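Grab a pencil and work through two short exercises on the structure below. Try each one before reading its solution.

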Amino acid sequence: MPHPTKLAGHRAGRATASRRTRTAIADSARNTSYQVEAKCAQFLTASLKHAYTWATDTWFTSGIGFRSPSSEQYYDAFTDTSAGGALEDMSDHISRPSAQRVSDLHAGSVIAVKYLDGSEGGASGHMMVVQSVAPFERDGNSATQEYAVRVADSTSAPHGVASSSRTSLHWAFKDSRVEGSPGQTTKEWSGAGRGTIFIQADTTTGKPTGYWWGRNEAAFNTIANRPMVFVEADIPLGVIAARMLPSRTTGDLIDGHWRLLAAWGAVPKTLVWDNEAGVGRGRLTAEFAAFAGLLATKIHLCRPRDPEAKGLVERANGYLETSFLLGRTFSGPGDFNTQLTTWLAVANRRVHRTLQTRPTERWEADRAGMLTPPPVDPPAWWRMQTRIGRDPYVRVDTNDYSVHPNAIGRIVTVLTDNDEVLALAPGGVIVARHPRCWARHQTITDPDHAEAGKTRITRRRGESTSRPLPRDQDDRGTRRHPSARPRPMVIHYYDEIYQGQGIAAR
């Protein structure tokens, strides 16, 4: 689930609009600019569609039965636990905790309430997204425990009764849709915002028994009249995994993906990419499509110029730039990735500001909902074949790597990953092994290859001078030509020198 303030529309900046629900949301510092025509359920639907690629009209229709469900329809779907029911149809992205304890609510949880005691203003229920939960003793009853639950929702009745009294209990839990301050005239606004409801729970079971709409509201709504259900959507837990790659080519991206996923021991159901040429623009490259098939996962390609589609990734990148890179020095790529891995082990244990918990504490539950990795590793995805010419080098990503001269004239297979360049002659004999060079336009020569080349040249020169002269040369070692003067000459025949030579490993 995205940041709850994003669901509530509290993003600094100019107003934005959703065509699907005709919802306009403005800067929270200027309440007079709010104009929300969507009800709470429509607002939640639009927010889910904006935040998740899976939340499409087709998904809502197949899972809940409606393209834009009402609060009552949401509640009925979330409580349909029968075999083949709505909740089972949505289980790939929506889960319902079996305990249904108020204390288990956290940032991103969804609360659905159904009104059985008559609607308020035509409403059939209410939908809310949790921002935070804290115990709060309200009625002094030892058999119950109250919780102050900060929520994001869209409503015509802000949480709590606005009051100009300086002693009003409302000010300690002020709704963001209320304009004014203690001792001044106040005004309430309809629409998207944040407020606090107070949920009462049984101390034995932890399940809700009822709720108050606001801190200074006396009306208590019982669960018998207004039942509520808690569900979880796909909630990114803030765990960051990262690795620096030598390039943005398809082979390096796939190899980097696999290393991170193998360390997790799990594969997310969807990978999101933003118009990266190595992955695909508009459609996946053949290599990345094969990689997705191996993982049995889905790859979503974002539309151009849509940075909010992957806001979590952008924020993680910004976090790395401002918190990891500043003040550090690195001796090379290996040192960079070593320091990054060490730092992430600490960073993932921090208390997440939005989730109010450490991502590592909930990581096992999140990983349990992922896919299992394939039983075999992917092949070396950067693979090519080439014939070694007179100059025994192969080119990989603008760099030239030496090959043993015994491979001259032969076809070799070059395998490349983030760390190494490997060349294999027929039969699997290794004729080159180099650490991957991350610079560009470099020539990397193995000293053993250079020495073998010198030895080969010296040996071939000796063999050439002792070889019998060709037929068209006379006893004096000259070649006759009708249009030229006789001159001494020694010809090195390429095929005679190199064909039939065996390949020897270093």
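The exercises look at one helix and then one strand.

This is a predicted model, where local features need pLDDT of at least 70, side-chain atom pairs count only at pLDDT 80 or more, and totals for chains, interfaces and linings use all residues. Residues are numbered from 1 along each chain as its sequence is written, and side-chain values use heavy atoms, with hydrogens and water left out.

**Exercise 1.** Work out which residues of helix H7 (residues 286-295) are buried, and what covers them.

*Solution.*
- Helices (H or I, at least four residues) and strands (E, at least two) are DSSP runs, numbered from the N terminus.
- Buried means under 20% relative accessible area, exposed over 50%, partly exposed in between (1.4 Å probe, protein chains only).
- By that cut-off, Phe288, Phe291, Ala292 and Leu295 are the buried ones.
- They sit on the same side of H7, because they cover an arc of only 100° around the axis (taken from the directions from the helix axis to the C-beta atoms).
- An α-helix has 3.6 residues a turn, so residues three or four places apart point the same way.
- Flip to the other side of H7 and you find Ala286 and Gly293 exposed.
- The cover includes helix H6 (250-264), strand S13 (270-273) and strand S14 (298-301), with contact meaning heavy atoms within 4.5 Å.

**Exercise 2.** Find the strands that pair with strand S4.

*Solution.*
- Two strands pair if DSSP finds at least two bridges between them.
- S5 (residues 125-135) runs antiparallel to S4, joined by five bridges; there, Ile111 partners Met128.
- S12 (residues 228-231) is also antiparallel to S4, over four bridges, and Ala112 partners Val229.
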